[in-house]
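This report goes through a protein model under a few headings. Please keep the structure open while reading.

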Amino acid sequence: MTESIKTRCNAMANHRDGIQMQKLNAAMLADLQALRSKSLGVLTGSATYNTASLLDAAGVTTAVVVTGASLGDMVVSVSLGVDLQGITVTGYVSAADIVSVRIQNESGGTLDLASTTIRVSVLPQASDVSKIGCLVGAATYNTASLADAAGATATITVRGAALGDYAIGSLDIDLQGITATWYVSATDTVAVRIQNETGGTIDLASATLRCRVLPEASFGKVDFIAGTIGHLKGSATFDYADGADGVGESTDVTVTGAALGDFVIISHGVDLQGITATGYVSAADTVTVRFQNESAGTRTLASATLLARTIPYAAFPSAMTLTTLA
């Protein structure tokens, strides 16, 4: 592809025929378009969100159209352009071209989010760029029915994964409002916390768990990240002590340059023991991470480094707009 662009540039440099130059220009722009799409490999979508107040322990699921998304693709991140005030937001591909976003309030009080834009980024699991620079793992998942407020933790072997790395993943079924969060729990191991807070019992069919681990030590070499512009990083020390079941805690990480609506991925340097951890930009330069314990027992996490990275939504265009000569 790059050789094709170089050849066209050389041809244009010495060509005096206007019509032929137009054709060369259009062909080169098409090459650039294909190269850009291949280098990013990420699908995006957005929708307007505005719902009534959410009571404590209540949630809502809303759909965002992401053209090209398929069951089994991985949602990299979901963002809203407002402070979530401790609400957890997760996303998953629930059908062709559809990402379901679960907005769950376990904050301890009633919250009413202002109207805002939901933005979603999806990494197709079948694309080559979803693997370059990432560590890859998969496993079969099948659990018994999950009653409301119940959860289960599954593990996947991912050779080379280390505490502090970033994990994303998918199941190739509709989760029906169940939340799934991914984290490295030990060397070579990714844990998936599957938590039902939907208000009813749900029995998921047998499915394939797929995950990608983005190593912290070589984050910029992950292919779909290397092609983006403006990803930022921050860190903080965090100690989650004696968290009772049903209780959560939020903490802030300074990420200079972060803005409302940016995508966020996080990692923590210890096993989360079934606690869900989700991050979002809550204000300029600030990522808030919500730790929520719905594991049915008291959990204490050792003090460790909490990492947060933000990626601007504009860094993941679904297509690059190019102007060609008539």
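## An exposed loop residue

Is Ala-126 buried or exposed? The model is predicted, and in this model Ala-126 has a relative accessible area of 61%. Ala-126 is therefore exposed, since the class begins over 50%. Its place is the loop between strand 6 (116-123) and strand 7 (135-141). From the C-alpha of Ala-126 to the C-alpha of Ser-70 the distance is 9.6 Å, while 56 residues separate the two in sequence.

## Overall make-up

The protein has 18 strands and three helices. Of its 326 residues, 48% are buried. Among contacts with a separation of 6 or more, 76% are between residues 24 or more positions apart.

The accessible surface comes to about 13600 Å². Carbon and sulfur atoms account for 51% of that surface.

## The largest cavity

Four cavities of 30 Å³ or more are counted in the protein. The largest cavity holds about 620 Å³ of space. Its lining consists of 37 residues, and those nearest its centre are Val-76, Ala-167, Thr-181, Trp-182 and Ala-277. Two or more lining residues come from each of strand 3 (74-80), strand 4 (88-95), strand 9, strand 10 (179-186), strand 15 (263-268) and strand 16 (276-283).

Strand 9 gives the largest share of this lining, with six residues. By class, the lining of the largest cavity has 24 nonpolar, eleven polar and two charged residues.

## The second largest cavity

The second largest cavity has a volume of about 120 Å³. It is lined by 14 residues, with Thr-88, Gln-104, Thr-179, Gln-195 and Thr-276 closest to its centre. Strand 4, strand 5 (98-104), strand 10 and strand 16 each give two or more residues to this lining.

The largest share, three residues, is that of strand 4. The lining of the second largest cavity divides into nine polar, four charged and one nonpolar residue.

## Gln-195 in strand 11

Gln-195 lies in strand 11 (residues 189-195). With a relative accessible area of 2%, Gln-195 is buried, because the class takes in values under 20%. The side chain of Gln-195 makes a polar contact of 3.0 Å with the side chain of Arg-193. A polar contact of 2.9 Å links the side chain of Gln-195 to that of Glu-197.

Which residues touch Gln-195, leaving aside neighbours within four places in sequence? They are Ala-149, Ala-150, Gly-151, Ile-178, Thr-179 and Glu-294. Ala-149 is 46 residues from Gln-195 along the chain, and their C-alpha atoms are 7.1 Å apart. Thr-179, another residue in contact with Gln-195, is also listed with Gln-195 among the residues closest to the centre of the second largest cavity.

## Thr-90 in strand 4

Thr-90 belongs to strand 4. Its relative accessibility is 11%, and Thr-90 therefore counts as buried. Setting aside neighbours within four places in sequence, Thr-90 is in contact with Val-78, Ser-100, Val-101, Arg-102, Thr-179, Thr-181 and Thr-278. Thr-181 is one of the residues nearest the centre of the largest cavity, and Thr-179 is one of those closest to the centre of the second largest cavity.

## Ser-170 in strand 9

Ser-170 is part of strand 9 (residues 166-171). The relative accessible area of Ser-170 is 5%, so this residue is buried. Where does the side chain of Ser-170 reach at 2.5 Å? The partner is the backbone oxygen of Gly-72.

Apart from residues up to four places away in sequence, Ser-170 touches Gly-72, Asp-73, Met-74, Trp-182, Thr-208, Leu-209 and Arg-210. Trp-182 is one of the residues nearest the centre of the largest cavity.

## Gly-45 in strand 1

Gly-45 sits in strand 1 (residues 43-49). Gly-45 counts as buried, at 5% relative accessibility. The C-alpha atoms of Gly-45 and Arg-119 are separated by 5.9 Å, with their positions 74 residues apart in sequence counted as separation. Outside its neighbours within four places in sequence, Gly-45 is in contact with Val-64, Val-65, Val-66, Ile-118, Arg-119, Val-120 and Tyr-313.

Key: Residues numbered from 1 in each chain as written. Predicted model: local features only at pLDDT ≥ 70, side-chain atom pairs only at ≥ 80, totals over all residues. Heavy atoms only, no water. Helix = DSSP H or I, 4+ residues; strand = E, 2+ residues; numbered from the N terminus. Buried < 20%, exposed > 50% of the residue type's maximum accessible area, 1.4 Å probe, protein only. Contact = heavy atoms within 4.5 Å. Areas by Shrake-Rupley, 256 points an atom, 1.4 Å probe, with all protein chains shown as cover. Polar contact = N/O pair within 3.5 Å; in protein donor to acceptor, adjacent residues only side chain to side chain. 1 Å grid on protein atoms, 1.4 Å probe; cavity = no way out; pocket = protein on both sides within 12 Å on 5 of 7 lines; lining within 4 Å. Points joined across faces, edges and corners; volume = space filled by probe spheres on them. Nonpolar A, V, L, I, M, F, W, Y, C, P; charged D, E, K, R; others polar.
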